[in-house]
Amino acid sequence: PKPSCLHLAGEVLAVARGLKPAVLYDCNCAGASELQSYLEELQGLGFLTFGLHILEIGENSLIVSPEHVCQHLEQVLLGTIAFVDVSGCQPHPCVCSLDQLQDLKALVAEIITHLQGPQRDLSLAVSHSRLHSSDWNLCTVFGILLGYPVPYTFHPNQGDDNCLALTPLRVFTARISWLLGQPPILLYSFSVPESLFPGLRDIINTWEKDLRTRFRTQNDFADLSISSEIVTLPAVAL
């Protein structure tokens with residue numbers, strides 16, 4: 001549908017402008033080659049500059065700006081974000097740091113090294129690569145790559161069960177205006193357990209301040225709006 005196409009184009013432009021590190025493509029079953037053709041078409045229209053990259057992880061495709069996503073991941077390694085462990089084996093979610101997740105820390109460093117090649121070669125209109133992810137916690141990896149300040153994590157050997165059912169969640173959304181007469185672009189949507197929010201407030205405030213700073217450096221979008229609401233769901237899929 002036309003609105004979906006326009007929203008996707010807006011998200012891709014937001015990645016190119018550094019407003020978010022990546023877009024996880026989930027509109028349909030298009031693969032990397034179709035996405036590459038799509039991005040090249042946008043570039044042919046003068047809509048995008050060169051330098052975007054399609055990163056395949058498992059069966060998933062992300063559209064990233066290697067420069068911006070590497071900058072983001074380097075900040076992650078410095079401890080600028082926190083994680084919420086929602087493993088189903090525990091009664092309540094709890095906060096943990098990257099230093100408590102050494103395998104994940106090594107994985108973030110691996111992704112940076114992998115993307116430094118495309119970052120150096122800006123001559124390609126759209127570059128493409130694949131990362132093998134047989135034992136990765138994709139929920140957490142995608143949360144990091146999408147720029148969430150507080151991604152969820154859980155013990156991968158315990159399946160997809162989590163302890164978020166009937167837990168009040170504070171859901172944050174960030175939207176921006178783009179084309180006149182079209183709905184705003186949903187830039188971010190993530191949640192944190194309301195019980196943990198007081199301890200995570202500074203991290204989320206820093207994320208918001210940084211987003212507003214980056215927003216002021218571009219002129220393609222307007223009206224950045226960041227809001228939150230509390231929801232409670234009988235089950236939460238990650």
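Me: Leu166 first: buried or exposed?
Reply: Leu166 is exposed in this predicted model, because its relative accessible area is 62%, and over 50% is what counts as exposed.

Me: And where is Leu166 in the fold?
Reply: Leu166 sits in the loop that runs between strand 7, residues 152–153, and strand 8.

Me: What about the phi of Leu166?
Reply: The phi of Leu166 is positive, at about 60 degrees, although Leu166 is not a glycine. For context, most residues other than glycine have a negative phi.

Me: Which residue in strand 10 has a positive phi although it is not a glycine?
Reply: That is Asp223, with a positive phi of about 55 degrees, and its place is in strand 10, which covers residues 222–231. Asp223 also counts as exposed, because its relative accessible area is 55%.

Me: Which strand does strand 10 pair with over 8 bridges, and in what sense?
Reply: Strand 10 pairs with strand 8 over 8 bridges, in the antiparallel sense. Within that pairing, Arg175 has Ser225 of strand 10 as its bridge partner.

Me: How many bridges join strand 8 to strand 9?
Reply: Strand 8 is joined to strand 9 by 8 bridges, and these two strands run antiparallel. One of the positions that fixes the register is Thr173, which stands opposite Ser189 in strand 9.

Me: How many residues of strand 8 are buried?
Reply: Of the 9 residues of strand 8, 7 are buried, so the strand is largely enclosed by the rest of the structure.

Me: Switching to pockets: what volume does the largest one have?
Reply: The largest pocket has a volume of about 580 Å³. It is lined by 26 residues, and the closest to its centre are Cys139, Tyr148, Tyr152, Ala237 and Leu238.

Me: Which elements give two or more residues to that pocket lining?
Reply: They are helix 5, strand 8 (169–177) and strand 9 (185–193), and the largest share, 4 residues, comes from helix 5.

Me: How does the lining of the largest pocket divide by residue class?
Reply: The lining residues of the largest pocket divide into 19 nonpolar, 6 polar and 1 charged.

Me: Back to helix 5, then: how many of its residues are buried?
Reply: In helix 5, 6 of the 8 residues are buried, so this helix is largely enclosed by the rest of the structure. The buried ones are Thr140, Val141, Phe142, Gly143, Ile144 and Leu145.

Me: And what follows helix 5?
Reply: Helix 5 is followed by Gly147, whose phi is positive and near 90 degrees.

Me: How many cavities of 30 Å³ or more are there?
Reply: The structure holds 1 cavity of 30 Å³ or more, and about 40 Å³ of space lies in the largest cavity.

Me: Which residues line the largest cavity?
Reply: The lining of the largest cavity is made by Leu73, Leu104, Leu107, Val108, Ile111, Val141, Ile144 and Leu145. Two elements give two or more residues to this lining, helix 4 (102–120) and helix 5 (138–145), and helix 4 provides the largest share, with 4 residues. By class, the lining has 8 nonpolar residues, with no polar and no charged ones.

Me: Now the open sheet with 4 strands: what order are they in?
Reply: The order is 1-3-2-6, and the pairing in this sheet is mixed. Its edge strands are strand 1 (22–25) and strand 6 (126–131), each of which pairs on one side only. On average, and with direction ignored, neighbouring strands of the sheet are turned by 25 degrees against each other.

Me: Do strand 2 and strand 6 run parallel or antiparallel?
Reply: Strand 2, residues 52–57, and strand 6 run parallel, and 6 bridges join them. Leu52 is found opposite Val126 of strand 6.

Me: Which strands does helix 1 lie across?
Reply: Helix 1, residues 2–16, lies across strand 1, strand 2 and strand 3 (60–64), and runs at about 150 degrees to strand 1.

Me: Last one, Leu78: where is it, and is it buried or exposed?
Reply: Leu78 has its place in the loop between helix 3 (66–77) and strand 4 (83–85), and it counts as exposed because its relative accessibility is 66%. The C-alpha atom of Leu78 is separated by 33 Å from that of Pro184, a residue 106 residues apart from it along the chain.

Terms used:
Residues numbered from 1 in each chain as written. Predicted model: local features only at pLDDT ≥ 70, side-chain atom pairs only at ≥ 80, totals over all residues. Heavy atoms only, no water. Pairing = 2+ DSSP bridges. Axes fitted to C-alpha atoms, helices over the stretch in contact; angles between N-to-C directions. Contact = heavy atoms within 4.5 Å. 1 Å grid on protein atoms, 1.4 Å probe; cavity = no way out; pocket = protein on both sides within 12 Å on 5 of 7 lines; lining within 4 Å. Points joined across faces, edges and corners; volume = space filled by probe spheres on them. Nonpolar A, V, L, I, M, F, W, Y, C, P; charged D, E, K, R; others polar. Buried < 20%, exposed > 50% of the residue type's maximum accessible area, 1.4 Å probe, protein only.
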